[in-house]
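Biologist: Could you take me through the side-chain contacts in this one, slowly, as if I were new to all this? I'd like a close look at the aromatic rings and then at the charged groups.

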Amino acid sequence: MAKIKKDTSISLENILWNCRIALRGIGSTEKNRDAVIALVFLKFAGDKFQKRREEIIKKHGNIPMFLEDATFYNAANVFYLNETARWSYIVKSASNSKIDVIIDTAMSDIEEQNDGLKGALPLNLFSTLGAGQPKIKSLIDNVNKIDEKQFQDKDLIGRVYEYFLRAYAAAGTKEDGEFYTPACVVKLIAEMIEPFSGIVYDPCCGSGGMFVQSMKFVESHNGNKNEISIVGQESNAETWRLCKMNLAGRGIAHDLGVTAASTFTNDLHKNLKVDYIMANPPFNLKNWRDTDELKDDERFEGFPAVPPVANANYAWILHIISKLNKEHGIAGFLLANGALNADDIEYELRKEIILRDVVESIIVLPRDMFYTTDISVTLWILNMNKKAATVNGRKVRDRAGEILFIDLRRWDSQVEEIVIDKGKKKKKTILSDEQISEVKKIYHGWQSENRQNYSDVPELCKSAKLKEIQEKDYSLAPSKYVEFIDHDLEIDFPAEMQRIQNEMKKILSEEKAAQEKLTDAFRGIGYGID
């Protein structure tokens, strides 16, 4: 009999889990995360460098003039690495007592050699990590088990980023998790707004997940990545650096500004007009400006008031509107559900936005999709041109004065499980690819001429005209428009009561029979039972 070969390969998640274990108890979660990602980046860059080096040797021979010329690597979207910055050298030096300095030097050299990585790599991280040579060697040994051939994944480094962002977001506080958006939600946004060509902008870009997904969208639809320009801004310096490293590692050209900065108080792309916006702003951000700050800001010009200091939700909306190309700009972004019905100043702002007719669709997502909150969140689709046109080969009708409401809160059957610590797991709702396709089908059907393949569906979707929205006092909550079905009314109460009574009779009969059997048993062994 042929011997069955066991699969002894170790999963990527197990490798990364072992890395987390190796660093447990020695530093902050952010530093530990960055240390692992830095080593994965070194291995990823080293593997690509070595592969490219072998191609150059095959074509030009073992000639230093070709092998040590950075242009031969950069032309193939590969970073040139000095000998002491190559992964093979890092692995060979893992037992060296100065391995922390060796890694930090490698990082510095790579950034110096490659303009696209300026400001992206963590410098002097390992010297200040406090891990010691044995722990760093353990990290290197674990990361070295990541075999690109084994995983067959062009986006290997992206998977590593996602693992850590999910793990720390799931285990951490709101602040830890703000920059991670579930991959299925980002995919939904990309599928809805279809960023095929032009400028894609994210005013709070975090680690770059929206940008990566927009590129994946283009690839999956056989588009040309060179027709997309990436522009973003991020206020947190460490997250800004992570984003640059993330995008550079994938070879995605980008403009994130010269530094990390607040989008509100220091807009680094002030005169920018864009084709697409994808964003997940921090929910209900407080104190986003000083009391008297930005009162004359042009982004809020023409609106009834400046958004309140206590909540930045409408500040994000107005900022997004100000950045969209007035002829064809389209945005997909997430906000807490409170923005749909907020009153006072926000009510006046929402009324003005609705009257300007830039809201195309409001989609309430299922509960418990995000790692730092279990609330349901809303996806807003804004479109600066709702007139009849041809969009990506589709003929769309004039949707002026209409908004499509979709309620997905009942779509909570798909769940993923994330390991956040030893013995601890967290379950989160996700949207499957099939569900994302269904939402897109509803949206496209509603947009299409004569609304082909679209109809209002109770508890799912409803197309509402401006008059109805005004009658609902400018609320954007889908529950105000999507028909609700009282399922209690579907119950045949007499029949249901008869079923319950029959069940109770059956249970009582079974209990009586069991009691009689037990009584007979006791009598049989000489006990007197009255």
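Modeller: Here is a walk through the rings first and the charges after that. A word on the ground rules: this is a predicted model, where local features need pLDDT of at least 70, side-chain atom pairs count only at pLDDT 80 or more, and totals for chains, interfaces and linings use all residues. Residues are numbered from 1 along each chain as its sequence is written, and side-chain values use heavy atoms, with hydrogens and water left out.

Let's start with the rings. The structure holds 14 aromatic pairs. To pair, rings of Phe, Tyr and Trp (its six-membered ring) need centres within 6.5 Å; planes under 30 degrees apart are called stacked, over 60 edge-to-face, and the rest tilted. Take Phe49 and Tyr73: their ring centres are 4.7 Å apart and their planes sit at 10°, so this pair is stacked. Phe49 belongs to helix 2 (residues 29–60) and Tyr73 to helix 4 (residues 70–74), so to speak two distant parts of the chain, 24 residues apart, linked by one pair. Helices here are DSSP runs (H or I, at least four residues), strands are runs of E with at least two, and both are numbered from the N terminus. Phe49 counts as buried at 1% relative accessibility, and Tyr73 counts as buried too, at 0%. For that word, the cut-offs are under 20% relative accessible area for buried, over 50% for exposed and partly exposed in between, using a 1.4 Å probe and protein chains only.

Now for a pair with another geometry. Phe283 and Phe370 have ring centres 5.5 Å apart with planes at 75°, so they are edge-to-face. This pair also links distant parts of the chain, 87 residues apart: Phe283 is in the loop between strand 3 (276–279) and helix 14 (313–323), while Phe370 is in the loop between strand 5 (359–364) and strand 6 (377–383). Phe283 is buried at 11% relative accessibility, and Phe370 is buried at 4%. Rings can gather in groups as well: Phe264, Trp288, Phe300 and Trp316 make up one aromatic cluster.

Charges can meet rings, too. Here a charge sits over a ring if NZ of Lys or CZ of Arg is within 6 Å of the ring centre and within 35 degrees of the ring normal. Arg356 has its charged end over the ring of Phe303, 3.9 Å from the centre. Over the face of Trp446 you'll find Arg397, at 5.2 Å from the ring centre.

On to charge meeting charge. A salt bridge is a side-chain nitrogen of Lys or Arg within 4 Å of a carboxyl oxygen of Asp or Glu, and by this rule the count comes to 26. One of them joins Arg52 and Glu55, with the closest N and O atoms 3.2 Å apart. These two are three residues apart in helix 2, which means about one helical turn separates them. Glu55 counts as partly exposed, at 39% relative accessibility.

Compare that with the salt bridge between Glu194 and Lys440, whose closest N and O atoms are 3.8 Å apart. Glu194 is in the loop between helix 11 (183–193) and strand 1 (198–202) and Lys440 is in helix 16 (residues 433–447), so the pair ties together parts that are 246 residues apart in sequence. Glu194 is buried, with a relative accessible area of 7%, and Lys440 is buried at 13%.

Asp456 and Lys462 also meet in a salt bridge (3.7 Å, N to O), and Asp456 is partly exposed, with a relative accessible area of 34%. Salt bridges can join up as well: Arg33, Asp34, Glu238 and Arg241 are linked in a network of them.

Last, a spot around Trp411. This residue lies in the loop between strand 9 (402–407) and strand 10 (415–421), and Trp411 is buried, with a relative accessible area of 17%. The C-alpha atoms of Trp411 and Leu431 are separated by 7.8 Å, though the two residues are 20 residues apart along the chain.
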